[in-house]
Amino acid sequence: MRTAEITRNTNETKIKVSINLDGTGKQSINTGVPFLDHMIDQIARHGMIDIAIECDGDTHIDDHHTVEDIGISLGMAVAQAVGDKKGLTRYGHAYVPLDEALSRVVIDFSGRPGLEFHVPFTRAMIGRFDVDLVREFFQGFVNHALVTVHIDNLRGINSHHQAETVFKAFGRALRMATTPDPRAAGMVPSTKGVL
């Protein structure tokens with residue numbers, strides 16, 4: 001089983017994350033930021049990844065530390081769960097629509113953190129959630145999962161739809177990239193021999 005459990009405690013957040021990359025999309029998510037819970041649910045369901053997250057964060061200040069640190073912790077868990085990357089598909093991509101919105105996410109388990117984030121949100125807040133934090137979540141993830149991720153919202157008017165298509169597409173791309181390739185069993189998918 002490709003699973004991982006991460007505990008990460010700082011002066012700003014106390015986080016426990018567990019994942020199963022070979023799950024069925026079960027989730028138990030309590031970050032203290034309801035919109036983030038909804039978005040991580042999209043990753044779990046559309047990525048077919050079991051995710052459990054508990055977080056006690058300093059949301060009395062704002063949601064920034066919690067959102068960023070959840071991204072960091074989830075990235076650490078994914079890195080641990082994929083292990084040495086032998087037999088990994090490595091690359092994944094997805095286009096996901098939601099009504100008028102359409103987003104594309106492409107991921108590479110390259111061993112190199114990199115984020116290209118192009119989401120022109122049409123408003124600054126989704127309810128009480130600051131849309132700037134979407135980028136912070138993914139930056140934390142890529143830095144600790146050691147992956148390259150390109151995120152493009154190709155069209156959209158409703159900011160909730162824009163964000164939701166991004167997280168759904170990310171879940172689908174993550175699922176594709178982490179799926180074992182039976183023809184590459186025991187091999188690292190790189191000419192360098194390591195990732």
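This is a short talk on one sheet, the helices beside it, and one buried glutamine.

Hi everyone, thanks for coming. Before we look around, please keep in mind that this is a predicted model.

Let's start with the sheet. It is an open sheet of 4 strands, in the order β5-β6-β10-β7, and its pairing is mixed. Which strands stand at the edges? They are β5 and β7, residues 114-118, and each has a single partner strand, so one side of each is left without a neighbour in the sheet. Going from one strand to the next, the twist averages 10°.

Now for the pairings themselves. On one side we have β5, residues 91-98, with β6, residues 101-108; the two run antiparallel and are joined by 8 bridges. If you'd like one pair to find on screen, take H93, whose bridge partner in β6 is V106. The hairpin of β5 and β6 has 2 residues between the strands, and D99 in that hairpin takes a positive phi near 50°.

At the other end of the order, β7 pairs with β10, residues 148-155, this time in the parallel sense and over 5 bridges. A handy pair here is G114 and its bridge partner T148 in β10.

Let me stay with β5 for a moment, since its two faces differ in cover. What sits on the covered face? There you find G92, A94, V96 and L98. The uncovered face carries Y91, H93, Y95 and P97. So H93, our bridge example, belongs to the uncovered face.

On to the helices that lie on this sheet. Helix α4 lies across β5, β6 and β10, and runs at about 150° to β5. Helix α3 lies across β7 and β10, running at about 160° to β7.

How do α3 and α4 sit relative to each other? The axes of α3, residues 132-145, and α4, residues 159-178, come within 12 Å and cross at roughly 15°. An angle under 35 degrees counts as roughly parallel, so that is what we call α3 and α4. Their crossing is right-handed. From α3, the contact uses V134, F137, F138 and F141, and from α4 it uses V166, F167, F170 and L174. By class, that gives 8 nonpolar residues, with no polar and no charged ones.

Helix α3 has another helix to deal with, and that is α2, residues 64-82. The axes of α2 and α3 come within 7 Å and cross at roughly 30°. These two are therefore roughly parallel as well, and the crossing is again right-handed. The α2 side of the contact includes V67, E68, I70, G71 and L74, while the α3 side includes L133, E136, F137, G140 and H144. What classes of residue make up this contact? They divide into 11 nonpolar, 5 polar and 2 charged. Notice that F137 of α3 takes part here and also in the contact with α4.

Last stop: Q162, which has its place in helix α4. Is Q162 buried or exposed? Its relative accessibility is 0%, so Q162 counts as buried. What is around it? Leaving aside neighbours within four places in sequence, Q162 is in contact with A101, S103, P120, F121, T122, N153, G156 and I157. If you have the structure open, have a look at Q162 and those contacts for yourself.

That's my tour, and I'm happy to take questions.

Definitions and conventions: Residues numbered from 1 in each chain as written. Predicted model: local features only at pLDDT ≥ 70, side-chain atom pairs only at ≥ 80, totals over all residues. Heavy atoms only, no water. Buried < 20%, exposed > 50% of the residue type's maximum accessible area, 1.4 Å probe, protein only. Pairing = 2+ DSSP bridges. Axes fitted to C-alpha atoms, helices over the stretch in contact; angles between N-to-C directions. Parallel < 35°, antiparallel > 145°, perpendicular 65-115°, else oblique. Left-handed = near helix turned anticlockwise from the far one by under 90°. Contact = heavy atoms within 4.5 Å. Nonpolar A, V, L, I, M, F, W, Y, C, P; charged D, E, K, R; others polar.
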